[in-house]
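User: I'm new to this structure and would like to get to know the spaces inside it. Could you walk me through them?

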Amino acid sequence: MDIFVTSTDLTVTAPTSAASAFIPSPATPYQGDIARYWDHEARPVNLRLGDVDGLYHHHYGIGDIDHEALGDTEDSAYEKKLIAELHRLESAQADVLLNHLGSIGRDDTLVDAGCGRGGSMVMAHQRFGCRVEGVTLSAKQADFANQRARELGIDDSVRARVCNMLSTPFETGQAAASWNNESSMYVDLHDLFAEHSRVLAVGGRYVTITGCWNPRYGQPSKWVSQINAHFECNIHSRREYMRAMADNRLVPQAVIDLTPQTLPYWELRATSSLVTGIEEAFINSYKDGSFQYVLIAADRV
Ligand SMILES: C[S@@+](CC[C@H](N)C(=O)[O-])C[C@H]1O[C@@H](n2cnc3c(N)ncnc32)[C@H](O)[C@@H]1O
Ligand SMILES: CC(C)=CCC/C(C)=C/COP(=O)(O)OP(=O)(O)O
Ligand SMILES: [Mg+2]
């Protein structure tokens, strides 16, 4: 049964999951593909890492490898330690993103655009004690994130919804800060930043950690094209980020090239039993300079 609603530009179908009362139909066929992609995703590299402490991420890691913690490669416990180390680096990435949100109080609301299984949302709530609202196209992910929030007893403050990040139900100026953690390569950046700009309070903070192609290289390299094909995404250039932010009242306060900090994660991951086959493309594109891992923090002015 289809029900047409006027509150968003989406057609709404009868509920098929607990993630929300209604599951909005995707705004475009592409978004339908992405919803299906994440509904069916169950790569061990993500589940096994999340099982370490219950924070489930769909982003990559940064920081130096703790070789002491890893120990001897011949040790029977080595693979378990390697998984814990990769997970530590992924959580360190989310910590760096949260470090750039500015001063957040318990009464504030944060918006996680493209929240995945909710790992960053949980970390944000644990750090700031505030409300965190996430949106994802995937009902499976939203259910997973909400289930984790219930298990942690924080479901009154942390909530994931099935919703298009380009057309959210949040009130204008409602959010003290908002972010995209490796989720901006699925959308048009002008549309994305227009929506963040609407939802953010004036003086609020927007942060993204993303992979972008480097205009200094010229055009997207074959490695970047391989990453796009692997994830069905559309990696933007660094220039596009700057231009789309400037056009939407988002003024960069910090632009940090995290590429050197993410390479150790990839080189370690490439040695693990959990490889997915995309490791070479990340390593080669980071090394040949065609691709960069960046954090951009911007003020909503
Ligand atoms: C690589 S995952 C990142 C998940 C999460 N940010 C994290 O760090 O674990 C990409 C996420 O973007 C979401 N996404 C992609 N396009 C979207 C859209 N138009 N609206 C809402 N979510 C979207 C996907 O559903 C998925 O949850
Ligand atoms: C930096 C770029 C270009 C990211 C693309 C978006 C993406 C798929 C991120 C990681 O998700 P994941 O954690 O599900 O991927 P994997 O299974 O490879 O760990
Ligand atoms: Mg992963």
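Analyst: Here is a short round of questions and answers on the cavities and the ligand.

This is a predicted model, where local features need pLDDT of at least 70, side-chain atom pairs count only at pLDDT 80 or more, and totals for chains, interfaces and linings use all residues. Residues are numbered from 1 along each chain as its sequence is written, chains are lettered from A and ligands numbered from 1 in the order in which they are written, and side-chain values use heavy atoms, with hydrogens and water left out.

User: How many cavities of 30 Å³ or more are there?

Analyst: Rolling a probe the size of a water molecule over the atoms shows where empty space is left. Here a cavity is a set of points, on a 1 Å grid over the protein atoms alone, where a 1.4 Å probe fits but cannot get out. Points are joined across faces, edges and corners, and a volume is the space filled by probe spheres set on the points. With 30 Å³ or more as the bar, the count is two.

User: Which residues are closest to the centre of the largest cavity?

Analyst: That cavity holds about 620 Å³ of space. A lining residue has an atom within 4 Å of a grid point. There are 47 of them here, and the closest to the centre are Trp38, His58, Glu182, Ser183 and Tyr186.

User: Where does ligand 1 sit?

Analyst: A molecule counts as sitting in a cavity if more than half of its atoms lie within 2 Å of the cavity's grid points. By that test, ligand 1 belongs in the largest cavity.

User: How much of the accessible area of ligand 1 does the protein cover?

Analyst: Let's begin with polar contacts, pairs of N or O atoms within 3.5 Å. A nitrogen atom of ligand 1 is 2.6 Å from a polar backbone atom of glycine 114, and a backbone N or O atom of asparagine 181 is 2.8 Å from a nitrogen atom of the ligand. Accessible area comes from the Shrake-Rupley method with a 1.4 Å probe. On its own ligand 1 has 590 Å² of it, and the share covered by the protein is 98%.

User: Which helix gives the most to the lining of the second largest cavity?

Analyst: This cavity has about 60 Å³ of space, and its lining includes Val111, Met165 and His196. Helices (H or I, at least four residues) and strands (E, at least two) are DSSP runs, numbered from the N terminus. Strand 4 (109–113) and helix 7 (189–199) each give two or more residues. The top contributor, with three residues, is helix 7.

Definitions and conventions
1 Å grid on protein atoms, 1.4 Å probe; cavity = no way out; pocket = protein on both sides within 12 Å on 5 of 7 lines; lining within 4 Å. Polar contact = N/O pair within 3.5 Å; in protein donor to acceptor, adjacent residues only side chain to side chain.
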